[in-house]
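Q: Hi! Could you walk me through this fold before I set anything up?

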Amino acid sequence: MNTYKMMAAGAVVLFGADFASADEPADVSAVLESYSTALAAEDASAADPWVLADGDDFTIFEGAGEDIGWSNYRDHHLAPEFASEDVNFQVYDWSGYSVRVDHDMAVATFDIRMEYSVRGGDRTRDGHGTAILSRTAAGWRIRHLHTS
């Protein structure tokens, strides 16, 4: 089953599912918080442990853009953005997690706050995100993100 079909099937199952245990939503939130903290520090390699990093197991849609595969996103999107002298993030914060868990998949929604400058001009942006995570032997890992 391709990645998109698996995510869609997982989302359908999750929205009708009950919570698996009381600790699992907190565990999922902790993974998302760790990932966003790494990005706030502009340290893409610190985000590596929190995603499914093999092949095209990780996908992200940001606005109209898409990246398939963690290494592609990390190396061709995050790294150049973090290295750019034209973009400087002062605040990059995820909060307000709402998590649903069903067996080995989880769906989370969250709020995003960004304060940054582009070519010297200050900007702020409040957005939202959706994450799909998979349970692995190492714990919950991010499979898909959609931020807007």
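A: Happy to; we can take the sheet, then the helices, then the salt bridges. Keep in mind that this is a predicted model.

Q: Great. What is the strand order in the sheet, and is the sheet open or closed?
A: The sheet is open, with six strands in the order 2-1-6-5-4-3 and mixed pairing. Its edge strands are strand 2 (65-68) and strand 3 (87-102), each of which pairs on one side only. From one strand to the next, the twist averages 25°.

Q: How many bridges join strand 4 to strand 5?
A: There are 14, between residues 105-118 of strand 4 and residues 121-136 of strand 5, and the two run antiparallel. One of the facing pairs is Val107 with Ile132 of strand 5.

Q: And where does Ile132 look on the other side, in strand 6?
A: There Ile132 stands opposite His144. Strand 5 and strand 6 (residues 139-147) are antiparallel too, joined by eight bridges.

Q: What do the turns look like? Which residue has a positive phi in the hairpin of strand 4 and strand 5?
A: That is Arg119, with phi near 50°, in a hairpin that leaves two residues between the strands. The connection from strand 5 to strand 6 is a hairpin through two residues as well.

Q: What about strand 3 and strand 4, parallel or antiparallel?
A: Antiparallel, over 13 bridges. In that pairing, Asp93 stands opposite Arg113 in strand 4.

Q: Switching to helices: which strands does helix 2 touch?
A: Helix 2 (residues 23-40) packs on the sheet and touches strand 3, strand 4, strand 5 and strand 6. Its direction makes about 165° with that of strand 3.

Q: Does its length make sense? I mean, what should the 18 residues of helix 2 span?
A: At 1.5 Å a residue they should span 26 Å, and the end C-alpha atoms are 25 Å apart, which agrees. Just after helix 2 comes Glu42, with a positive phi near 55°.

Q: Which residues of helix 2 are buried?
A: The set includes Val28, Ser29, Val31, Leu32, Tyr35 and Leu39. Among the elements covering the buried residues are helix 3 (44-47) and helix 4, along with strand 3.

Q: Hm, a serine in there. Why does Ser29 count as buried?
A: Because its relative accessibility is 17%, and the cut-off for buried is under 20%. Leaving out residues up to four places away in sequence, Ser29 touches Tyr97 and Val99.

Q: And where does helix 4 lie?
A: Helix 4 (residues 70-83) lies across strand 1 (59-62), strand 2 and strand 3, and runs at about 130° to strand 2.

Q: Now electrostatics. How many salt bridges does the structure hold?
A: Six. One of them pairs Arg74 with Asp48, with the closest N and O atoms 3.2 Å apart. Arg74 is in helix 4 and Asp48 in the loop between helix 3 and strand 1, so this pair ties together parts 26 residues apart in sequence.

Q: What else does Arg74 meet in a salt bridge?
A: Asp75, at 2.7 Å from N to O. Asp75 is partly exposed at 37% relative accessible area, and Asp48 is partly exposed at 26%.

Q: Which residue does Asp104 meet in a salt bridge?
A: Arg135, at 2.8 Å. Arg135 belongs to strand 5 and Asp104 to the loop between strand 3 and strand 4, so they tie together parts 31 residues apart in sequence. Through shared partners, salt bridges join Glu24, Asp104 and Arg135 into one network.

Methods:
Residues are numbered from 1 along each chain as its sequence is written. This is a predicted model: local features need pLDDT of at least 70, side-chain atom pairs count only at pLDDT 80 or more; totals for chains, interfaces and linings use all residues. Side-chain values use heavy atoms; hydrogens and water are left out. Two strands pair if DSSP finds at least two bridges between them. Helices (H or I, at least four residues) and strands (E, at least two) are DSSP runs, numbered from the N terminus. Axes are lines fitted to C-alpha atoms, for helices over the stretch in contact, and angles run from 0 to 180 degrees between N-to-C directions. Contact means heavy atoms within 4.5 Å. The expected span of a helix is 1.5 Å times one less than its number of residues. Buried means under 20% relative accessible area, exposed over 50%, partly exposed in between (1.4 Å probe, protein chains only). A salt bridge is a side-chain nitrogen of Lys or Arg within 4 Å of a carboxyl oxygen of Asp or Glu.
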